Amino acid sequence: MIPTLGGRLQTRIFLLATVGVILTGLIVPVLPGTSGSLSQTYKTAYLILLAVAVVGLGWELIYHLLMQFRWDKDWPTLLGLVTILPEGLLIWLLLDAGLIPGVDGHVDASTFVTMFVVVWLGQWLFANGPMRVLFIQWRLRGGRIL
Amino acid sequence: MVQAAGIPVHDTSLASVGGGLGSFTLLDVLRIRGVARSSIRVLSSSDTPWQTWEYLTGVSQLPPQERIRSDAGARPDNIWGFPSYAMHEAWADKSPKLAYQVLVEPVFTDFFSPRAATVFATLEREARRIGYWDMLLKGQVRMVRRRVGGGYFTILTPPPGVTKSKRVAIRSQYVHLAAGYPGLKFLDDLQAFRETYNDYHHVVNAYEPHEHVYEILKSRQGVVMVRGAGIVASRILQRLMDDRERHRLHTQIVHVFRTYVTGPHGPSVWMRRDGGDGWAYQAFTFPKSAFGGQLKAQFRNADPAGRAELSKIVGGTTTPKLRRWQEQMRAGRQGNWYHPIQAVVDKVEPAGDGRGLISHVSGQDGRRGQYVSDFIIDCTGLEADMSEHRVLADLLQYGGARRNHAGRLAVGRNFEVIGAESGAGMLYASGAATGGNHFPAVDSFLGMQTAALDIADDLARRGFCTSLGPLRSVRQWLKWAAGRPV
Ligand SMILES: Cc1cc2nc3c(=O)[nH]c(=O)nc-3n(C[C@H](O)[C@H](O)[C@H](O)COP(=O)(O)OP(=O)(O)OC[C@H]3O[C@@H](n4cnc5c(N)ncnc54)[C@H](O)[C@@H]3O)c2cc1C
C-alpha cells in the first residue's frame with residue numbers, strides 16, 4: 001500500500017467500522033474462555049474494538065513517521081500483517097491493567113487473542129483485495145475514501 | 001469546409017487517437033461505465049493496443065517470458081487491480097512461491113513484477129470483452145482541429161484501398177489523445193557519427209532492432225560499449241551477460257555512466273534514494289508513492305515551481321536493484337570483463353582498418369581517454385520533443401494547446417488539454433505527452449488508469465457516462481471475473 005496520512009486514518013476507521021464490526025458480531029458467540037452472559041461479552045468485545053480504533057489512530061501516526069524513512073513511501077503488505085504484534089500486545093496490556101473504559105472484570109487471554117487475530121486478518125485481507133473493488137479510486141488516492 | 005473538400009465525415013461521440021495502452025485503458029473504463037461501442041472510435045495505426053509496447057519491449061531485450069517493471073497491482077486489463085498479477089500468475093503456474101513473493105516484497109525479496117506475456121494475454125482477453133476491435137478505425141491520424149460549432153474534426157488516412165477517399169474526417173464532441181512517445185532521440189555525438197559515416201550498424205539505439213550485435217558477438221570475440229544507466233541499460237547488460245554465460249563467449253563490456261552514483265543520495269534522511277556502482281536504484285520509474293500515495297498528493301498540491309523542485313529530487317534515470325543483475329555485475333567486475341566508467345563522450349569515430357570505433361571521453365576529474373569497441377549500444381532512451389509528432393505539433397500551433405514548464409502538454413486535473421476546449425467539446429490527453437503536470441507517473445500502466453478514471457469522471461459530469469460508485473463497481477468486477485461482456 002502507498003497510504004497518505006489522511007488515507008491511513010480513514011481506512012483504519014472504515015475497516016474497523018465495517019469489517020471489524022461484522023467479524024466481531026460473528027465471532028463473539030463462539031469465542032473461547034468467556035464467562036458471563038452473551039450480551040456482556042458483546043459489550044466487552046465492541047469496547048475493545050473501539051479501543052483498537054482509537055489507539056490505532058496513534059499507531060498510524062507512528063507508522064506514517066516510520067514510512068518517511070522509506071524512499072518509496074510505501075507500506076509493504078507484510079508490515080500490515082506483522083503490526084498485529086505490537087498493536088495486540090498494547091491493547092492486551094491496557095486491558096490487563098483495566099485501562100480500557102467500560103471494560104470491567106477479567107478478559108481471558110484466549111478470548112482476546114481469538115477475537116483480535118480474526119478481526120485483524122479479516123481487515124488485512126479486505127484491504128488487500130475487495131476494498132479496491134468497492135472504491136475504485138481508493139488505491140490511487142493513498143487510501144482515502146472521502 | 002471539410003465536406004466541401006470532398007472528405008467523407010463520420011460521426012461519433014468520442015474519438016481516441018493512438019490505440020496504444022493509453023487509449024485502451026480509457027476505452028476500458030468508459031465501457032465499464034456504460035458507454036456503448038457505437039459512441040467511441042479509436043483511431044490507430046496499430047492492430048492491437050499492445051503492439052507498440054510489445055515491439056519496444058522486444059527490441060530493448062525484454063522478451064515475453066521476462067518480467068517487466070511494474071508492480072502486481074498495475075494491471076492494464078483490470079482497473080481494480082484485484083486479483084493482482086501475482087495472484088493471477090501464482091494460480092496459472094500453480095506456484096505458491098509467487099504469492100509468497102508478493103506477501104513479503106520488498107522486504108525479503110525483490111518486488112514482484114509480471115511477465116510481459118501475462119500482460120499481453122490478459123490485455124487480449126479484456127480487449128475482446130469490451131469489443132475493442134469493433135471500435136477500431138485503422139489509419140494514420142494527421143490532425144485534430146476544433147470545429148466552428150464546437151467539438152472536433154480528426155483527420156485520418158486509412159490504409160490504402162480501405163476507403164474510396166484518401167482521407168476521412170471523424171466528427172466528435174470529445175477527443176482523447178494518447179499517441180505514446182513522440183519519437184526516439186539519439187545522443188548528439190552518436191547521431192553525428194551515424195550521419196557522418198553513414199554507419200547504422202556499429203552504433204545502435206537499444207530501442208531499434210539490433211539483434212545483429214548479439215549474433216556477431218557469438219561468432220567472434222568483441223568489445224561492446226553500453227551507454228546509459230536506466231532499466232534499458234540493465235536489460236542490455238543482462239542480455240550480453242546471459243549470452244556470455246550461455247554461449248561461453250568472451251565479450252568485454254565497457255559501460256559508460258555520465259553520472260556515476262556512488263551511494264545513497266538525496267537531500268535528507270527523509271528523501272534518500274539507494275544507489276551504488278554507478279546506478280541510482282529504484283524499483284519503478286518513480287518512487288512507488290508517486291503512483292497513488294504521498295508523492296502523488298504532494299505533486300498535486302504543489303505549484304509549478306514546487307513540482308519542478310520535487311521532480312529534480314525524485315526524477316532522473318534509475319534501475320531496479322534486482323538480485324540477479326547484482327550478481328551478474330559482480331561476476332563481471334571480478335572476472336575483469338565488465339568495466340564501468342564515469343565519462344562524458346566527446347566524439348566517436350571509426351578506428352580505421354575496420355578495427356571498430358574509438359570513443360573519445362573525458363571524465364569528471366578532467367582526465368581524457370579513448371576506448372575502442374566493436375559496437376556502441378545507446379541506452380539513454382531519450383524521448384524526442386513533442387514537436388516531432390505531427391499531431392501534437394499541429395495542436396500546439398493551431399489547436400490552442402500549450403506547453404508546460406517541462407515542455408510537455410499543459411493539462412488540468414482531469415487531463416483536459418488546457419486551451420484546446422471547443423464549445424461543449426473537450427480534448428483530453430494521457431501518456432508521456434502529459435508529463436510535468438499535476439501527476440508525475442503518467443507514462444505507466446497505473447498512470448494510464450489514473451488518467452482514464454479522472455477523464456471519465458469529467459465526462460460523467462458532462463453526462464457522457466455514468467459514475468462508478470461501489471455498486472456498479474462490484475457488479476462490473478463480477479462481470480470481469482466471469483469474463484462476461486461489459
Ligand atoms: C520498453 C518499455 C517498457 C515499459 N514497461 C513498463 C512497465 O513495466 N510498466 C509500466 O507501467 N509502464 C511501462 N512502460 C511505459 C508505458 O506504460 C508504455 O510505454 C505504454 O505502452 C504507453 O502507452 P501509450 O498509450 O502512451 O503509448 P503506446 O502504447 O505507444 O501507444 C501509442 C499508439 O499511438 C499510435 N500512434 C501514434 N501516432 C499516431 C498517429 N498519428 N496516427 C495513428 N496512430 C498513432 C502508435 O502506433 C501507438 O500504437 C514501458 C515503456 C517502454 C518503452
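**Notebook: the ligand and a sheet of chain B**

I began at the ligand, where I found a backbone N or O atom of Arg69(B) lying 2.9 Å from one of its oxygen atoms. I note at once that this is a predicted model.

**Entry 1: polar contacts of the ligand.** I next looked up two side chains. In Thr52(B), a side-chain N or O atom is 2.8 Å from an oxygen atom of the ligand. In His389(B), a side-chain N or O atom is 2.8 Å from a nitrogen atom of the ligand. I then looked up the cover: the ligand has 970 Å² of accessible area on its own, and the protein covers 90% of this.

**Entry 2: the shell.** I asked which residues come nearest to the ligand. Of the 30 residues around the ligand, they are Gly22(B), Ser46(B), Thr52(B), Val141(B) and Phe445(B). I recorded the make-up of the shell as 12 nonpolar, 16 polar and 2 charged residues.

I also looked up where the shell residues come from. In chain B, at least two residues each are supplied by helix 1 (21-32), helix 2 (51-59), strand 5 and helix 14 (445-461). Helix 2 of chain B gives the largest share, with 4 residues.

**Entry 3: the sheet.** Strand 5 of chain B, which supplies shell residues, led me to a sheet. This sheet is open, has 4 strands in the order 1-7-6-5 (chain B), and shows mixed pairing. Its edge strands are strand 1 (9-11) and strand 5 (140-146) of chain B, each of which pairs on one side only. From one strand to the next, the twist averages 25°. I reminded myself that strands of a sheet pair through backbone hydrogen bonds, in either a parallel or an antiparallel manner.

**Entry 4: strands 5 and 6.** I asked how many bridges join strand 5 of chain B to strand 6 of chain B. There are 6 bridges, and the two strands run antiparallel. Met143(B) has Ile155(B), in strand 6 of chain B, as its bridge partner. The two strands, 5 and 6 of chain B, form a hairpin with 5 residues between them. In the turn, I noted that Gly150(B) has a positive phi of about 95°.

**Entry 5: strands 6 and 7.** Strand 6 (residues 152-157) and strand 7 (residues 168-172) of chain B also run antiparallel, joined by 5 bridges. Here I looked up Thr154(B), whose bridge partner in strand 7 of chain B is Ile170(B).

Technical notes. Residues numbered from 1 in each chain as written. Chains lettered and ligands numbered in written order. Predicted model: local features only at pLDDT ≥ 70, side-chain atom pairs only at ≥ 80, totals over all residues. Heavy atoms only, no water. Pairing = 2+ DSSP bridges. Axes fitted to C-alpha atoms, helices over the stretch in contact; angles between N-to-C directions. Near = heavy atom within 4 Å. Polar contact = N/O pair within 3.5 Å; in protein donor to acceptor, adjacent residues only side chain to side chain. Areas by Shrake-Rupley, 256 points an atom, 1.4 Å probe, with all protein chains shown as cover. Nonpolar A, V, L, I, M, F, W, Y, C, P; charged D, E, K, R; others polar.
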